[in-house]
Amino acid sequence: MIVVMAHHSAHANVESVVTHIRERGLSSQLNEGVERTVIGVLGEVYDELQDELTLMPGVVEVFRISKPYKLASRDFHESDTVVYIGESRVPIGAGHFTVFAGPCAVESEEQTVATAKAVKKAGAKVLRGGAFKPRTSPYSFRGLFEDGLKILSSARSETGMPIITEVMSPKDVDLVARYADVLQVGARNMQNYSLLDEVGMTDKPVMVKRGMSASYEDWLLAAEYVMAKGNHQVILTERGIRTFETFTRNTFDLSAIPAVRSMSHLPIVADPSHSTGRYFMVRPMAMAATAAGADGLIIEVHPNPDMAKCDGAQSLTFDNFSSLMNSVKAIREAISGGN
Ligand code: PEP
Ligand code: MN
């Protein structure tokens with residue numbers, strides 16, 4: 001249920017509505033927008049509550065949201081959300097386009113710092129790198145764990161780039177959040193509800209990657225878990241879904257970008273690396289996603305993809321990444337009419 005309060009409604013009126021909701025055993029979250037103040041009522045609402053709230057001072061309108069996701073919906077937050085990343089507050093969303101790039105996995109300080117410098121030079125704003133890797137086989141390289149986080153943190157000191165890294169287990173959230181600027185929830189964990197709860201209790205932005213067989217609604221409900229715990233800094237990432245096609249690693253669902261944009265106010269990033277699994281498809285799909293209106297891209301880059309311990313086949317060389325960035329820039333200029 002959504003309660004729309006009069007523009008610049010008195011603080012006391014907002015407080016009374018919040019108290020009323022709490023006394024009914026429900027919880028609420030506030031969105032103080034420029035145009036209007038909206039209170040989202042969370043929990044099992046009942047029909048009479050709508051009338052009770054409509055009669056309260058300062059209340060303009062009360063309506064029920066039919067969709068199962070509430071805080072992630074445009075009913076709760078009409079305009080696009082901007083998420084700010086790291087100490088330098090790199091913005092993403094509402095016209096701010098941001099590229100995350102770096103190796104699939106942190107392998108060494110040398111590899112990570114060299115990649116960070118190269119992707120920064122080409123225009124990436126956030127460094128990616130996995131320290132806890134979700135691998136299909138338990139015998140594959142699974143990451144350097146805390147040592148990997150330390151390497152990412154020295155790459156941040158050397159380049160000034162904020163870092164994004166995956167957290168796989170609720171028990172590691174505190175540790176990863178001590179180092180990371182953005183917590184990444186991977187496709188395999190999109191429905192790990194204890195993990196979503198836990199990252200929702202941190203003050204770090206969270207990237208929620210789409211599960212490989214998740215519908216848009218499942219995906220937005222995963223974001224809702226994070227937001228319901230009070231953390232509204234969520235970034236959604238389309239990373240391809242499982243289909244019958246075997247040429248590509250996954251099938252990139254380009255439609256997800258305009259579809260989810262119509263459903264949600266959260267920034268949407270495209271991951272052409274995991275979507276395709278093949279390096280030569282990354283640039284064209286990055287361009288397509290940019291043209292479709294993505295708020296950013298997350299791309300895997302490695303100094304020597306043939307030697308990568310993880311996802312080498314989809315990783316770009318420094319030169320290929322730089323050429324991708326030029327193409328993406330050209331698309332951005334084309335779609336914004338040259339502005
Ligand atoms: C990754 O970003 O390296 C990764 C494992 O992605 P996904 O969860 O989308 O497979
Ligand atoms: Mn990867």
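1. A good place to start is D271, which is buried at a relative accessible area of 1% (buried means under 20% relative accessible area, exposed over 50%, partly exposed in between, with a 1.4 Å probe and protein chains only). Please keep in mind that this is a predicted model, where local features need pLDDT of at least 70, side-chain atom pairs count only at pLDDT 80 or more, and totals for chains, interfaces and linings use all residues. Residues are numbered from 1 along each chain as its sequence is written, chains are lettered from A and ligands numbered from 1 in the order in which they are written, and side-chain values use heavy atoms, leaving out hydrogens and water.

2. D271 meets K209 in a salt bridge, 2.7 Å from N to O (a side-chain nitrogen of Lys or Arg within 4 Å of a carboxyl oxygen of Asp or Glu). K209 sits in strand β11 and D271 in the loop between β13 and α9, so the pair ties together parts 62 residues apart in sequence (strands are DSSP runs of E, at least two residues; helices are runs of H or I, at least four; both are numbered from the N terminus). K209 is also buried, at 4%.

3. K209 has a second partner: an N or O atom of the K209 side chain is 3.0 Å from an oxygen atom of ligand 1. For R128, a polar side-chain atom lies 2.8 Å from a ligand 1 oxygen, and for E300 the corresponding side-chain N or O atom is at 3.3 Å. The protein covers 98% of the 290 Å² of accessible area that ligand 1 has on its own (Shrake-Rupley method, 1.4 Å probe).

4. You may also like the pair E238 and R210, whose closest N and O atoms are 2.8 Å apart in a salt bridge. E238 is in strand β12 and R210 in the loop between β11 and α7, so this pair links parts 28 residues apart in sequence. Both residues are buried.

5. Elsewhere, R36 forms a salt bridge with E78 at 3.8 Å. E78 counts as exposed, at 52% relative accessibility. The structure holds 16 salt bridges.

6. Two backbone angles deserve a look. Most residues other than glycine have a negative phi. A94, however, has a positive phi of about 50°, and D311 has one near 55°. A94 lies in the loop between β6 and β7 and is partly exposed, at 37%; D311 lies in the loop between β14 and α11 and is buried, at 17%.

Note on methods:
A polar contact is a pair of N or O atoms within 3.5 Å; within protein, one must be able to donate a hydrogen and the other to accept it, and residues adjacent in sequence count only if both atoms are side-chain atoms.
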